[in-house]
Each structure stands twice: as C-alpha cells, then as structure tokens.
Amino acid sequence: MTLYQKLANRLREHIQHDFYKSGDKLPSVRQLAQEHGVSISTVQEAYRQLEQELLVEARPKSGYFVCSRKKDNLPSISRPPQRPLEVSQWEEVLNMLMNRSGNKGVQLQHAMPDMKATTLKPLLKTLSDLTKQKPELGLGYADIRGTEELRTQLCRLAVASGCQLHPDDLVVTSGCQEALSVCLRAVTEPGDIIAIESPSFYGSMQAIKAANLKAMEIPTHPETGISLEALELALDQWPIKAIFVTPTCNNPLGYTMPEDKKEQLYRLAQSYDIAIIEDDIYGDISYQFPRPKTIKSFDEDGRVLLCSSFSKTIAPGMRVGWIAPGRYRDKVTHIKYVSSSMCPVLPQLAIAKFIRLGGYAKHIRKMRQDYEQQRDHLLSVIKNYLPSDTRVSYPVGSFILWVELHPSIDSMKLIERCREEGVGFAPGPLFSATGKYRNCFRLNFSEQSMERREWAIKTLAMILQNFEQRAKAG
C-alpha cells in the first residue's frame, strides 16, 4: 500500500466514524504533510482519492471539506432495455428547442452557461477589435483543421486533463454537436450499434439517429457512471462498434466517473478493439481541482476520440468545438471537410487570445464557484418545496441536475401545465432512445437568478400538488 493510500484510509476511517462530520473542514494539505511526515503531493493524492469516492470536496480558496450531502435521495440506477434500439423522440426534442420564450417566465430547460459574467468582457473586446481592425480575416477560407493559434492553446488546456497533444492532433469544429456527429460517422457504418449511457444527452441521441445507428443503452449509476459489468455483457452479446460516454460532469446526471473506472473502461474497449467517443464538454467546469482526467489521457493506441467545445464554458453562439481523434484523424478531417469545410476564423482567434492572456482561466475559476453555489441553492429549494420522495442528482460540475419524481408523474404532461405558468424544463423522455424516464426531468441552474429559480420550483410544486390531488380523486 502506498503512502497516499494509507493516508486516505486513515482519513476515510475518521470520516466514517464521525471524527470529521458532514460539512466539517478537514486539515490543510500542509498541516497533514507535517503531521504524517509525507510530501504535499502525497496528501494531495490522498485527498484526490477521497474526492473520487465523493467523501471529500475541495472548495476554491477554502480547503477540503467532508461532503455534506445525503446519498439516500439520489436518482435510481437506470435499467434500460437490454437490446439495441432505434432512437426516436426527435419531435419532442425539436419542440423543446423551439420553445424559447425570451424573458417570459423562467426557462430552465436549456443547458446554457452564464453569458453575463464580467469575466467574459476581455473576450468580447478582443472579438470586437478583430472585427473592426482585421475584418478580412473573417471573409476568406482558412485551415480546415482550425487556426494554428487556437489549436496551440487547446493543447495547453489539454495538459490539465492529463493529455499531451500536438496542434496537428486536433480538428476544430462548429461546436461539440458537430464534433460528436463527425466522430460517429468516422467510426461506424449505417446500421451499427453504439453503446451509450442511460440517461444520455438528447443531442447525442439525435446524432446517433441522424447517422442511422442503433443505441444500446447501458445501466448507469448516478454517482459513478456507466456499469462496466453491464457494458461487458452487452459487448459479448452484440456487435457494438463504439462506446459513447460523457464521463466527466455528465449530462444529465452530473457525476464524474472515478479515475480508475475511466482507465478500466479504456482497457475494456481495448480488449474488444472498439473506439470510445468521449464528450468532455463540461470537463473544465468541474468543481474538483485539479480538474478530472479524461479517458483520452489513458489512450495508448489512438482509439479514443475526445470531443469538446466552448459552448458550455463561454457561450454556445461562438460555435467553436474540437476533436482529438487519435488514429481516426484523417477520416475525421475528411468528414469535417465534406460536412462544413472550415469554421469561422474570428471567434477562434479571439478565444485563442483569451486563453493565452489568462482570461479563460480566470473566467473558469469564477464560473466554478458561481455554479457550485447555485447548485447548493437549487438543491435546498428542491428539498424545501418538492415532494419528500423526490430524488435528485448531486452534480460535481457543470450547471445542470436531474430530478426523479414519483413513478405516477408524467413529465410530458407536467411540462405542458408548467409552460402555461411560464416554467420550462427538459422532460426525461428526451434523454432516452425510447422515451424512458417519463417521471424525470433536467434543470439548468446557471441562466436565471436564485429568486427566479426559487419561484419556478414553487410553481412546479404547486402544479405537482394539483396532479396528486387529481390522481387521488380519480
């Protein structure tokens, strides 16, 4: 047993025996290093292991604390159909995407970041200056892989996730949605089967549908992610062509897969010789520090296609995403070219400068703090107003959470009534190939003020009460 494992065991025992209680601040890294005669890196690694186990949480500029949440109200472990299925739900997804009511009511259905943050001002100024001073840069063709300036800065960012990349390893895309779509087409043929988490982001589901593929939904734990045991059984039974996962700050469940499990998932894909498409779009806004490693960081043979974008960290309207496609680079570049050729240059140059001058790092630090505070507020509001049997996820990053109501509640009917009162959310069936999770929905906690979100949850609670009264009367 290594030194950090011994230290982690001792801290774990203290937490389990209530020597350190829920919410307590733990000794500082320097204090533990002195007390136990170990290095600071040993203490940091011990704390990192306890973070992976969700026993400890790091708070910026404050230190480490015992996680203060209860685990008895997390969403149920999913149990999707045990066979590949064609994806449906497009009409429902389109209806939600088209239902943007401006400033009317409180719309919590779209996974949108806080775009009013003051830390974005340097980026907006740079974009404005480029438009005024060098407008010709935005008019012509450019490198179909993306500007070298941006790809260089992306390689710098990738180091934090455990990846050592070269600018030539990357292909810039029009957001992460295009990245996911390109990757699916690069590793499959129509009719192939894709293994995917359940529930899973509706954009991923619709990308599978558009590529004429079938989805094999795999049971997923709300804290640790896709079941490797169930995945291996599926790989033995079906000719699965690739694994599609969002293992860090998952959408919609919010979990981060433990690091050792990420490596196990990679080894599993390696043993079956299939690709992994990894969506890391929320990775930079993990509340953990340092940010979690990607599956790509374990990639030895180029089978992991890492996708991300600035849509969730900066703004979706920038339409700047990217792929680190590994062994599939040539095919990905070709598909990107025939799909949309090159991406607009000015946003790429503006973001590259934003990263290079430190603006992005400053912005991310602020967003992590803000989103964590907003998460805690929304969780407390849900606990105060929604029924006692409500189950809710505990996101460890990003700005979305998953709510599971009593099985008798139909979220598709619920949202119709909520929209009449000016409240929007993303109903659960959108996150499944076949319309499962009818008693679930996803909420965003970044766009609106705390007061407006609290009003929305109060309104939702009132409508739910009416639903229950009708059910009893009927």
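1. Let me start at the seam between domain 2 and domain 3, keeping in mind that this is a predicted model. Not a single salt bridge turns up across the interface of these two domains. What the count does give between domain 2 and domain 3 is 17 residue pairs in polar contact, both partners at pLDDT 80 or more.

2. Which elements make up the domain 2 side of that seam? At least two residues each come from β3 (85–86), α4 (90–98), α13 (359–385) and β14 (400–404). Helix α13 has the largest share of the side touching domain 3, with seven residues. By residue type, that side of domain 2 splits into 24 nonpolar, eight polar and five charged.

3. Now for the extent of the seam. The contact takes in 37 residues of domain 2 and 35 residues of domain 3. About 3000 Å² is buried between domain 2 and domain 3, and carbon and sulfur atoms give 60% of that area. If you want names to look at, try V87, R368 and V396: together they supply 23% of the area that domain 2 buries against domain 3, more than any other three residues.

4. For orientation, the domain assignment cuts the chain into domain 1 (3–66), domain 2 (85–114 + 361–472) and domain 3 (140–357). Note that domain 2 is listed in two segments, 85–114 and 361–472. Taken over C-alpha atoms, the centres of domain 2 and domain 3 are 25 Å apart.

5. On to the charged pairs. Side chains of opposite charge can pair when their charged atoms come close. The structure as a whole holds 25 salt bridges, though none of them crosses between domain 2 and domain 3.

6. R291 is worth a click. Its side chain meets that of D280 in a salt bridge at 3.0 Å, N to O. D280 and R291 both sit in the loop between β10 (275–279) and β11, so the pair ties together parts that are eleven residues apart in sequence. R291 also forms a salt bridge with D284, where the closest N and O atoms are 2.8 Å apart.

7. Are these loop partners buried or exposed? D280 has 7% relative accessibility, so it counts as buried, the cut-off being under 20%. R291 is buried as well, at 6%, and D284 is also buried. Elsewhere, salt bridges that share partners join D143, R145, R151 and D168 into one network.

8. Within that network, the side chains of R151 and D143 meet in a salt bridge at 3.5 Å, N to O. How accessible are the two ends? R151 counts as buried at 2% relative accessibility, whereas D143, at 34%, counts as partly exposed.

9. S309 belongs to strand β11 (residues 304–309) and counts as buried, with 2% relative accessibility. Its side chain reaches the backbone nitrogen of S311 at 3.0 Å. Setting aside neighbours within four places in sequence, S309 is in contact with G175, C176, I281, V320, G321 and W322.

10. Last stop, I15, which lies in helix α1 (residues 3–16). I15 is buried, with a relative accessible area of 10%. Not counting residues up to four places away in sequence, I15 touches Y20, L55, V56 and V66. S76 is 61 residues from I15 along the chain, and their C-alpha atoms are separated by 25 Å.

Definitions and conventions
Residues are numbered from 1 along each chain as its sequence is written. This is a predicted model: local features need pLDDT of at least 70, side-chain atom pairs count only at pLDDT 80 or more; totals for chains, interfaces and linings use all residues. Side-chain values use heavy atoms; hydrogens and water are left out. Domain bounds come from an automatic or database domain assignment. Contact means heavy atoms within 4.5 Å. Buried area is the accessible area (1.4 Å probe) that two parts lose on being put together, summed over both. A salt bridge is a side-chain nitrogen of Lys or Arg within 4 Å of a carboxyl oxygen of Asp or Glu. A polar contact is a pair of N or O atoms within 3.5 Å; within protein, one must be able to donate a hydrogen and the other to accept it, and residues adjacent in sequence count only if both atoms are side-chain atoms. Helices (H or I, at least four residues) and strands (E, at least two) are DSSP runs, numbered from the N terminus. Ala, Val, Leu, Ile, Met, Phe, Trp, Tyr, Cys and Pro count as nonpolar, Asp, Glu, Lys and Arg as charged, and the others, Gly among them, as polar. Buried means under 20% relative accessible area, exposed over 50%, partly exposed in between (1.4 Å probe, protein chains only).
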